[in-house]
Amino acid sequence: MDWETLENPKRLAKTFRFKDFREALAFANRVGELAERENHHPRLTVEWGRVTVEWWTHSAGGITEKDREMARLTDALLG
């Protein structure tokens with residue numbers, strides 16, 4: 001898994017790159033659907049040609065196994 005570990009709060013982060021805003025937004029929407037289905041929600045930053053996804057568990061104050069699972073599921077959304 002090629003996710004970065006960031007601090008304050010400790011979280012998993014990855015930036016996904018796309019050819020334009022439309023593709024980036026479509027991916028962000030797929031991540032949103034995943035988050036709703038799993039009832040676990042990331043920070044999403046959508047910009048032209050890229051989406052940054054950050055997973056952590058607020059109640060745990062950092063990264064849990066659920067966050068690692070969500071990162072794997074997020075990667076799988078790319079097919």
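This is a short talk on the core, the strand pairing and the aromatic contacts of one structure.

Okay, so one thing before we start: this is a predicted model. Let's begin in the middle. The largest nonpolar core has 15 residues. Which of them touch the most other members? Those are Trp 3, Phe 16, Phe 18, Phe 27, Val 51, Val 53 and Trp 55. As for where the core comes from, at least two residues each are supplied by strand S2 (11-17), helix H1 (21-38), strand S4 (50-55) and helix H2 (65-76). The top contributor is H1, which gives six residues.

Now to S4. Is this strand largely enclosed or not, and why? Well, five of its six residues are buried, so S4 is largely enclosed by the rest of the structure.

Who are its partners? On one side of the story we have S2: S2 and S4 run antiparallel and are joined by six bridges. If you want a spot to look at on screen, find Phe 16, which stands opposite Val 51 in S4. Both Phe 16 and Val 51 were in that list of core residues with the most contacts to other members.

Then there's S3, residues 43-47, which pairs with S4 over five bridges, again in the antiparallel sense. The two strands make a hairpin with two residues between them. Glu 47 has Arg 50 in S4 as its bridge partner, and in the turn sits Gly 49, with a positive phi of about 80°. Another bridge puts Arg 43 with Glu 54 in S4. So much for the pairing; general reminder while you're rotating the thing: side chains in a regular strand alternate between the two faces of the sheet.

Right, rings. How many aromatic pairs are there? The count comes to three. One of them is Phe 16 with Phe 27, a tilted pair at 4.8 Å centre to centre, with 45° between the planes. These two come from distant parts of the chain, Phe 16 from strand S2 and Phe 27 from helix H1, eleven residues apart. Phe 16 and Phe 27 are both buried. Phe 27 also pairs with Phe 18: the ring centres are 5.1 Å apart and the planes are at 40°, so this pair is tilted too. Phe 18, like Phe 27, is buried. Put Trp 3 together with Phe 16, Phe 18 and Phe 27 and you have one aromatic cluster.

Let me stay with Phe 18 for a second. Leaving out neighbours within four places in sequence, Phe 18 is in contact with Glu 23, Ala 24, Phe 27, Gly 49, Arg 50, Val 51 and Leu 78. Yes, that includes Gly 49, the glycine from the hairpin turn.

Last stop, Thr 74, over in helix H2. Buried or exposed? Thr 74 has a relative accessible area of 0%, so it counts as buried. Its side chain makes a polar contact of 3.2 Å with the side chain of Trp 55. And if we skip residues up to four places away in sequence, Thr 74 touches Trp 3, Phe 16, Phe 27, Val 31, Leu 34, Val 53 and Trp 55. Three of the aromatic cluster, Trp 3, Phe 16 and Phe 27, are in that list.

That's my tour, thanks.

How values were computed:
Residues numbered from 1 in each chain as written. Predicted model: local features only at pLDDT ≥ 70, side-chain atom pairs only at ≥ 80, totals over all residues. Heavy atoms only, no water. Core = buried A, V, L, I, M, F, W, Y, C linked by side-chain atoms within 4.5 Å. Buried < 20%, exposed > 50% of the residue type's maximum accessible area, 1.4 Å probe, protein only. Helix = DSSP H or I, 4+ residues; strand = E, 2+ residues; numbered from the N terminus. Contact = heavy atoms within 4.5 Å. Pairing = 2+ DSSP bridges. Polar contact = N/O pair within 3.5 Å; in protein donor to acceptor, adjacent residues only side chain to side chain. Phe/Tyr/Trp six-rings, centres within 6.5 Å; stacked < 30°, edge-to-face > 60°.
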